[in-house]
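Ready for a few short exercises? Have the viewer open, try each task yourself, and then follow the worked solution.

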Amino acid sequence: MTVTKTAAYETLTESSAAALAVRLGLFPSKSTLTCREIGDGNLNFVFRVYDKEQQKGLIIKQAVPYAKVVGESWPLTLDRARIESSALIRQAEHVPHLVPNVYYSDTELAVTVLEDLSHLEIARKGLIDGKDYPHLSEDIGEFLGKTHFYSSEYALDPTVKGRLVKQFTNPDLCDITESLVFTDPFFDHETNDFEEELRDEAEDLWRNEALKIEAAKLKQRFLSAEETLIHGDLHTGSIFASEEAETKIIDPEFAFFGPIGFDIGQFIANLLLHALSREENRRAPLYRHVETVWHTFSRTFSEAWENDALDACKNEKGRLESVLKQAFEDAAGFAGCEMIRRTIGLAHVADLETIVPFSRRISQKKLALKIGAAFIEKRSGFRTPKDLIEAFRNALKE
Ligand code: SR1
Ligand code: MG
């Protein structure tokens, strides 16, 4: 993998992206290439360059200096491209089979050239189409257990960790999460976005002082617990999957040193938001994923701890358990914030938006708000994923 700094930033087009791939020697100059912009995310351009003759493709991802979902009125630095490629490279040291290969990155052009994963599909889309992805949660649990342990202070020398914390300082993207996940949905803020039919529920949230204080505490954990290098945006749209045991975690541009429970919480929230779009008799695979991701994460993290922890109290009874307990409590609270923001905040999820008829969409969104609030308020009492599922199912019954 090469990291370069070109002369100046310019926004790529389909033809200049293809030309870049040739210039980098990733395709022979005589190739007949097609290139299409396929990005459907909120922040970047994504080009797929394909050589039909060689049946070989690659992805060129370019950050633009603003949030695409909002427009040029929301400026953003381009540094997220550097963060993303560095995070992918670091993750690949521990779970090479679960992340895309990085072929090239250029900090000035804000470009990352990546393995083409077009044979897979985005998990959110597949779930909406009725797929269950039996291996998904085991793979995500392994990804989180290994990457979170080996970038934490439990595994790293303090000076190495300090250097990494600096390298992955990501203020712009942390600010997005801080506002969109932990603040705006809990106030009558202009970024919020919801149907008039949800106004009473939204206003109830905004009046709920106790809930707002708990969300503020979770925001504080998010901002100050420099525990490990987290992915930072692990929703089901950041995962490529197939039904046949292949999973790739993409898009770690929000990566920074944050609390261990954040990624697990976001993943669980998005599974449960999807569960709301299904009938109860189709929810079992989602409940299983919630259990499996936690159990695989904690088993993988614990094995790594046993083999490689540097912690002075490594073998003291209860030390590892207290780390995992904190991670689980945080995960429940973060999941609650994510469920609320995907319902009344900015950046909704297709799982809820495609529910028909409209009356059911509204009733499921009301449930998402109620479950989100319960997760935040009751998080310190939750011990296992079964407790989360029980709280979820109780909300459906009440
Ligand atoms: C302005 S960006 C909106 C959302 O898209 C990303 O995927 C993150 O989830 C962010 O909060
Ligand atoms: Mg993303």
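**Exercise 1.** Decide whether Y133 is buried or exposed, and find the loop in which it sits.

*Solution.* Keep in mind that you are looking at a predicted model. Start with the accessibility: Y133 has a relative accessibility of 1%. Buried means under 20%, so Y133 counts as buried. Next, trace the chain around it: Y133 belongs to the loop between α3 (123–128) and α4. Finally, look at the backbone. Most residues other than glycine have a negative phi. Y133 is not a glycine, yet its phi is positive, at about 45°.

**Exercise 2.** Now do the same for A347: what is its phi, and is it buried or exposed?

*Solution.* First the backbone: the phi of A347 is positive, about 75°, although this residue is not a glycine. Then the location: A347 lies in the loop that runs between α11 (319–344) and α12. Last, the accessibility: with a relative accessible area of 15%, A347 is buried.

**Exercise 3.** Find the residue that a cis peptide bond joins to V356, and place that residue in the chain.

*Solution.* Begin with the general rule that most peptide bonds are trans. Now check omega between V356 and P357: the value is about -5°, and the bond is cis. To place P357, look at the loop between α12 (350–353) and α13.

**Exercise 4.** Describe the surroundings of H148: which side chain makes a polar contact with its own?

*Solution.* Locate H148 in helix α4 (residues 136–150). Its relative accessibility is 0%, so H148 counts as buried. Then look for the partner: the side chains of H148 and D263 are joined by a polar contact of 2.9 Å. To complete the picture, set aside neighbours within four places in sequence; the contacts of H148 then include F143, T228, L229, I230, F297 and F301.

**Exercise 5.** Work out how helices α13 and α14 are arranged: at roughly what angle do their axes cross?

*Solution.* Two packed helices are described by the angle between their axes and the distance between the axes. Take the distance: the axes of α13 (residues 358–378) and α14 (residues 385–397) come within 10 Å. Take the angle: they cross at roughly 140°, and the two helices are therefore oblique to each other. The crossing of α13 past α14 is right-handed. On the α13 side, L367, K370, I371 and F375 make the contact, while α14 contributes L388, A391, F392, A395 and L396. Sorted by class, this contact of α13 with α14 has eight nonpolar residues, one charged and no polar.

How values were computed:
Residues numbered from 1 in each chain as written. Chains lettered and ligands numbered in written order. Predicted model: local features only at pLDDT ≥ 70, side-chain atom pairs only at ≥ 80, totals over all residues. Heavy atoms only, no water. Axes fitted to C-alpha atoms, helices over the stretch in contact; angles between N-to-C directions. Helix = DSSP H or I, 4+ residues; strand = E, 2+ residues; numbered from the N terminus. Parallel < 35°, antiparallel > 145°, perpendicular 65-115°, else oblique. Left-handed = near helix turned anticlockwise from the far one by under 90°. Contact = heavy atoms within 4.5 Å. Nonpolar A, V, L, I, M, F, W, Y, C, P; charged D, E, K, R; others polar. Buried < 20%, exposed > 50% of the residue type's maximum accessible area, 1.4 Å probe, protein only. Polar contact = N/O pair within 3.5 Å; in protein donor to acceptor, adjacent residues only side chain to side chain.
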